[in-house]
Every structure is written in C-alpha cells, then in structure tokens.
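Hi,

Here is the model I said I'd pass along. Have a look at it first, then read my notes underneath.

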Protein chains: 2
Amino acid sequence: MIQLYKDTIMTINIQIDFRSDNPVTNQIVEQIQHLLVNGELKPGDQLPTVRALATELRINFNTVARAYRILDETGVISTQQGRGTYILEQPPPEKSHQLKKESLNVIARRYLDEASRLGFSNTEAAEQIQLLIANH
Amino acid sequence: MIQLYKDTIMTINIQIDFRSDNPVTNQIVEQIQHLLVNGELKPGDQLPTVRALATELRINFNTVARAYRILDETGVISTQQGRGTYILEQPPPEKSHQLKKESLNVIARRYLDEASRLGFSNTEAAEQIQLLIANH
DNA sequence: TGTATCTTTGTATAATTGTATCATTGTATC
DNA sequence: GATACAATGATACAATTATACAAAGATACA
C-alpha cells in the first residue's frame, strides 16, 4: 500500500535533445530512471504534472503522459488521474518461488473464507473468479 | 473547557489501493457495501464524517462525499448536511443478495490483484482456487 | 428558554490532473 | 510521388482536488 499526499511538488532536471534519434518519450523515460537509480528521486516523491513538465520541456503534455505510462507499466511510478504521479516504493527483494506459492495459498484460502461468510459456496466463489478473468 | 461534539468517534476499516484501476470513489462505495453485508456496519451506525475519512485515507473530502452520495442514492445510507451520515435500515432480501454479489466481486478482484502482485497470472490464481476446492 | 455566535457537517461549482482517441508530422521504403 | 509506420500534437473526457458556501449542532450568556 502506498501512502501518498501532496506535500512537495517536485521539479526535476531533465534535458531533451530534439536532434537526437532517441525519441523524446524515450529520453524522458530514461532520464527519470536515471534520476531514480541516482537517488535524486525517492519513493513517495511527486513528479511534476504532465502539463507542468511538458511546458518546461516545450513539448506536448501527451508525450510526457506517454513516458509516465511506460514507467507506470514497469512499476516504477504510480500515475493517478486527478492526483498526480508518484515514485513507488522499490519492490521488496524477490521471494523464493516456494514462499510465493505459500502466499498464494494463504490469500486463496482467505478469499474462499470471505466468500463463505457472504454465503457463497466454493464453487460460486470459483465461478466469480472465472467471470472476472473472462471479462478482461 | 471545550467539550467534544461527539462522544463516539467512528472509525471504519477501509483500504485504498491507489495503483488500482478501480477509482478511489468506487473503492469506497464497494468497501462500505462490503462492511454492510458482512454485518460490520449496522443500521443507525454513524459513518465517519467526510473530512475525517478523507484525512484518514489521505484523499480529498469531496471524494468521500461523492462515494457517500452514491450510497445515499442507492438507499444504503442517509447523509444529512450539518448532521452526518448514517446507515439506513437493512436492505430487503433481494437487494441484500444483490449487494452480496457485488461484495463477492470486490473480494474476487482483490484476490486477483494480490496474486498479480505476487507475480501470478490470473490463470494461476484461478488454478490455486480449484486446487483448494479439490483438496477438500 | 432564547438567541447570538462559532463549529461541524455536507453541498455546489470550478480548477487541476491524467486518459482516450483521433489528427498531424516526419521518415523510411518502394 | 505513394504508402506505411512511428512519434508527437490536439481535443474532449473522466477522476480528484480546491474553494466557497449552506444547514445543523454546540456553547455562552442574558
């Protein structure tokens, strides 16, 4: 769970080379990753809004949004409509496969338990899972 | 000395996942419905004020107000300006059943989300459920 | 009691922020 | 040139937040 609130709005140091073969979107992605591994961006930090950064870089805000989305999909940041974009906590060290299996077992049991308390059979609970998967 | 306006401070157990595709407003609505069908909220109970819950969840109080309004419109709660928000009488059986189905949906999605965070695909998560059922 | 006043509570509306979709631009290939 | 594709921009939209407001409760004082 991430706890985020607007305390400080970040200004970040990004330089775009418009003559580069590297697309602007890529440059943004790479430079934010660079700021992150260098420790200049920390978990919980709020990035500039797509419009603010776009104005600063003199590009369209959709280009910034595209870069943010890529970073979001790789789990580096969290973009939240109406709220802003934030650096995520770094993923914890990899659990062993066995440990993950056990965790899955625990949460699966919990799901069936909760469904049971709501009055649903195991079969109905399983069907609901299938339904959700089918609708995605 | 200044006296407290209310001698009971209502707290409810709601967890917001800012990374979820599900909007925060929706998450609040669903989780309050879940608390209701689970019996953790009873008719007459006062919900936290929009500002109190918003502060706790680290969101804007208008987002809570929006969720409360949705629940109000579906007849689950009663919000009264200047007074607060209260759980209404238990919904009739057919509506209760509807709410329970929605609640099942909520916990099913939560299970898939958690499994995904552990690195399991939806299919693997579903198989784990089947495995548990088969071993009973 | 009654009333003035402040506090608490929800409401209304505009502003902010990211998203979705299509249009435009540039470039490579033929 | 023609066509296809990738990158970027423009526009409309959805979700959340900010600000100002209205209704009801609490308190003080006559």
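Below is what turned up, starting with the protein chains and then going through the DNA strands.

Some housekeeping: this is a predicted model, so local features need pLDDT of at least 70 and side-chain atom pairs count only at pLDDT 80 or more, while totals for chains, interfaces and linings use all residues. Residues are numbered from 1 along each chain as its sequence is written, chains are lettered from A and ligands numbered from 1 in the order in which they are written, and side-chain values use heavy atoms, with hydrogens and water left out.

**Chain A against chain B**

The two chains bury about 3200 Å² between them, 71% of it on carbon and sulfur atoms; buried area is the accessible area (1.4 Å probe) that two parts lose on being put together, summed over both. Chain A puts 34 residues into the contact and chain B 35, where contact means heavy atoms within 4.5 Å. There is one salt bridge between chain A and chain B, and A:Arg110 forms it with B:Glu114, with the closest N and O atoms 3.2 Å apart. (A salt bridge is a side-chain nitrogen of Lys or Arg within 4 Å of a carboxyl oxygen of Asp or Glu.) On chain A's side, β1 (77–80), α4 (97–117) and α5 (122–134) each give two or more residues, and α4(A) has the largest share with 13 residues. Helices (H or I, at least four residues) and strands (E, at least two) are DSSP runs, numbered from the N terminus.

**DNA strand C**

Of the 25 residues around this strand, A:Val50, A:Arg51, A:Asn62, B:Arg51 and B:Asn62 come nearest; a residue is near a strand if one of its heavy atoms lies within 4 Å of it. Sugar and phosphate make up 59% of the strand C atoms that come within 4 Å of the protein. A polar side-chain atom of B:Asn62 sits 2.7 Å from a base nitrogen of strand C, and one of B:Thr85 is 3.0 Å from a phosphate oxygen.

**DNA strand D**

Here 26 residues surround the strand, with A:Val24, A:Gln81, A:Arg83, B:Val24 and B:Gln81 nearest. Of the strand D atoms within 4 Å of the protein, 55% belong to sugar or phosphate and the rest to bases. The side chain of A:Asn62 has an N or O atom 2.8 Å from a base nitrogen of strand D. Phosphate oxygens of strand D lie 2.9 Å from a backbone N or O atom of B:Asn60 and 2.8 Å from a polar side-chain atom of B:Thr63.

Cheers

Definitions and conventions:
Polar contact = N/O pair within 3.5 Å; in protein donor to acceptor, adjacent residues only side chain to side chain.
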